[in-house]
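Trainee: Could we look at a structure together, slowly, with each term explained as we meet it?

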Amino acid sequence: MVEMPVVDKEKCNGCGLCVSVCHCNALVLVGGVVTVVETEECSWCTECEAVCPTGAIACPFEIVIELS
Amino acid sequence: MGVENSFLKSIPYFSGLSPEELDSVKKLIFKRKVERGDIIVFEGDPPEALYFVGSGAVKMFRTSAEGKEQVLNIVRPGDSFNDVPAFDGGPNLASAQAMGPVTLYGIPKHELDVFLQDHPQVAVTIANVLAAQVRHLVSLVEDLSFRPVVGRVAKILLEYAGDGTSPGQRLTQQDMAAIVGTAREVVSRSLKALQSNGVIKIDRHRIVVIDKEALRSIAGVST
């Protein structure tokens, strides 16, 4: 399973800005709300999160310490 | 096909105009479509027009002499950009780049000058729009005292890192910005700086701390 951005469908207003900026076709509008399509092409650029006017889409980071 | 009256009305500059005045404004406006990555406005160039976003998103940024990019603002449908240079004729303050396919509307600078002379009542809304931009920029200036912020971001990474047996709490850049008390764009730049210094590695959705001691030093945490 590929980690993908998370959409809060209640906050999503269907403006489609995230879909327009996505480089990898990972986001589609279905019934006026954004749906995420799992794809390994997603590079976690976080531009969808940056552009969303309502904070509906999140690209959370996991922070890990590399063991030497 | 030109711009719709309903769209024009939604733009603060034109909200107080009569239908006849809106019709006269429409004649001045050009429409342009750009693709992802296209640079619409170059920082430092003479202003060509005042722009409005019809659809899509535009990133406003400045570039340092060393080539570092600082995002100032993201312009969404209904918002304008390149306002100050279009009004005062000075060089463009920032570059504007399409983040995806974008439909733009614009008023050429020379047409704007005539329009403002003929419709002086627009000056009030111009003042309000520019005042809001100044507030946003003052807040960003406050956030951009860079060294303290990168130290606070480093501290967050240490605090929220998983301990190897269980994953830590996940954070978005907006979460980190809220915790640190800064703007998302400043967190983004801090993470890039930590990566270019070899302290962390960003592997898609994972921030991997490569040099924990260096990160502790930057965070100002005693060993």
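Mentor: What follows is a set of questions and answers about domains, a sheet and a chain interface.
Mentor: This is a predicted model, in which local features need pLDDT of at least 70 and side-chain atom pairs count only at pLDDT 80 or more, while totals for chains, interfaces and linings use all residues. Residues are numbered from 1 along each chain as its sequence is written, and chains are lettered from A and ligands numbered from 1 in the order in which they are written.

Trainee: What distance separates the centres of domain 1 and domain 2 of chain B?
Mentor: Domain bounds come from an automatic or database domain assignment, and for chain B this gives domain 1 as 5-143 and domain 2 as 146-219. Taking the centres over C-alpha atoms, the separation between these two domains of chain B is 34 Å.

Trainee: How many residues of domain 2 of chain B are in contact with domain 1 of chain B?
Mentor: Two residues are in contact if their C-beta atoms, placed from the backbone, lie within 7 Å. On the side of domain 1 of chain B, four residues take part, and their partners in domain 2 of chain B number six.

Trainee: Which strands stand at the edges of the open four-stranded sheet of chain B?
Mentor: Strands (E, at least two residues) and helices (H or I, at least four) are DSSP runs numbered from the N terminus, and two strands pair if DSSP finds at least two bridges between them. In chain B, four strands form an open sheet with antiparallel pairing, in the order β1-β8-β3-β6. Each edge strand has a single partner, so one side of it is left without a neighbour in the sheet, and these strands of chain B are β1 (30-34) and β6 (80-81).

Trainee: Which residue is the bridge partner of B:Y51 in β6(B)?
Mentor: Strand β3 of chain B, residues 49-55, pairs with β6(B) in the antiparallel sense over two bridges. In β6(B), the partner of B:Y51 is B:F81.

Trainee: Which element gives the most to the side of chain B that touches chain A?
Mentor: Between the chains, 28 residues of chain B are in contact with 22 residues of chain A. Elements of chain B that give two or more residues to this side are α6 (146-160), α7 (173-180) and β10 (206-209). With four residues, the element that gives the most is β10(B).

Trainee: Which residue of β10(B) stands opposite A:E62?
Mentor: Strand β5 of chain A, residues 62-65, runs parallel to β10(B), and four bridges join them. Opposite A:E62, in β10(B), stands B:R206.
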